[in-house]
Amino acid sequence: MNYPQKVNAYCPHCKKHTEHKAKLASKGRARTLAWGNRQHERVIKGYVGKVAGEKAVRKQGKRQKIVLTCSVCKKKQERVIGTRTKKKLEIKA
Ligand SMILES: [Zn+2]
């Protein structure tokens with residue numbers, strides 16, 4: 001799946017369409033003290049090994065995300081491209 005390097009997109013900060021630079025969104029590091037992680041630790045407390053959190057249904061593929069950077073105000077915004085797919089998103093030069 002290809003995506004152009006520069007797109008004309010709406011910027012909510014400039015409140016108009018401006019040129020944006022596209023970049024692949026990288027997943028950030030999971031916070032160990034986040035509420036969901038603390039709750040999961042409470043649930044599996046007392047058990048040995050993995051007992052909870054196993055998914056019954058495996059979804060096919062991931063939704064690809066890009067980060068658009070406004071060329072005027074340099075603010076960033078995320079955008080989801082298409083639906084679930086196994087294909088990797090590529091930024092075309
Ligand atoms: Zn802007």
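In which loop is the place of Lys-74? Lys-74 sits in the loop between β4 and β5, where strands (E, at least two residues) and helices (H or I, at least four) are DSSP runs numbered from the N terminus. The close-up views below come from a predicted model, in which local features need pLDDT of at least 70 and side-chain atom pairs count only at pLDDT 80 or more, whereas totals for chains, interfaces and linings use all residues. Residues are numbered from 1 along each chain as its sequence is written, and side-chain values use heavy atoms, with hydrogens and water left out.

**Figure 1. Coordination of the zinc ion by Cys-11, Cys-14, Cys-70 and Cys-73.** The SG atoms of these four cysteines coordinate the zinc ion at 2.2 to 2.3 Å. Donors are N, O and S atoms within 2.8 Å of the metal (3.2 Å for Na, K and Ca); water is not among the atoms, so sites may look incomplete. The angles among the four donor atoms run from 103 to 117 degrees, and the site is tetrahedral. Four donors receive that label if all angles lie between 85 and 135 degrees; four count as square planar and six as octahedral if opposite donors are over 155 degrees apart and all others between 65 and 115, and anything else is irregular. Along the chain, the donors follow the spacing C-x2-C-x55-C-x2-C. Cys-11 belongs to strand β2 (residues 6-11) and Cys-70 to strand β4 (residues 62-70), so this pair ties together parts that are 59 residues apart in sequence.

**Figure 2. Accessibility of cysteines at the zinc site, and the search for disulfides.** Cys-11 is buried, at 1% relative accessibility, and Cys-70 is buried at 1%. Cys-14 is partly exposed, at 22%. Buried means under 20% relative accessible area, exposed over 50%, and partly exposed in between (1.4 Å probe, protein chains only). A search of the whole structure for disulfides (pairs of cysteine sulfur atoms within 2.5 Å) finds zero.

**Figure 3. Surroundings of His-20 in strand β3.** His-20 lies in strand β3, which covers residues 16-24, and is buried, with a relative accessible area of 1%. The His-20 side chain reaches two backbone oxygens: that of Thr-18 at 3.0 Å and that of Ala-9 at 3.5 Å. A polar contact is a pair of N or O atoms within 3.5 Å; within protein, one must be able to donate a hydrogen and the other to accept it, and residues adjacent in sequence count only if both atoms are side-chain atoms. Leaving aside neighbours within four places in sequence, His-20 is in contact (heavy atoms within 4.5 Å) with residues including the zinc donors Cys-11 and Cys-70, as well as Tyr-10, Leu-68 and Gln-77.

**Figure 4. Leu-68 and Gln-64 in strand β4.** Leu-68 is buried, at 1% relative accessibility. Beyond its neighbours within four places in sequence, Leu-68 is in contact with residues among them Val-7, Ala-9, His-20, Ala-22 and Lys-76. The C-alpha atoms of Leu-68 and Leu-24 are separated by 8.9 Å, although these residues are 44 residues apart along the chain. Gln-64 is also buried, with a relative accessible area of 14%. A polar atom of the Gln-64 side chain lies 3.3 Å from the backbone oxygen of Lys-87. With neighbours within four places in sequence left aside, the contacts of Gln-64 include Met-1, Arg-79, Ile-81, Lys-87 and Leu-89.

**Figure 5. The salt bridge between Glu-78 and Lys-65.** The structure holds one salt bridge, defined as a side-chain nitrogen of Lys or Arg within 4 Å of a carboxyl oxygen of Asp or Glu. The closest N and O atoms of Glu-78 and Lys-65 are 3.3 Å apart. This pair links distant parts of the chain, 13 residues apart: Glu-78 in strand β5 (residues 76-85) and Lys-65 in strand β4. Glu-78 is exposed, at 54% relative accessibility, whereas Lys-65 is partly exposed, at 38%.

**Figure 6. Positive phi values at Lys-15 and Lys-74.** Most residues other than glycine have a negative phi. Lys-15, in the loop between β2 and β3, has a positive phi near 60 degrees. Lys-74 has a positive phi of about 65 degrees and is likewise not a glycine. Lys-15 is exposed, with a relative accessible area of 64%, and Lys-74 is exposed, with 58%.
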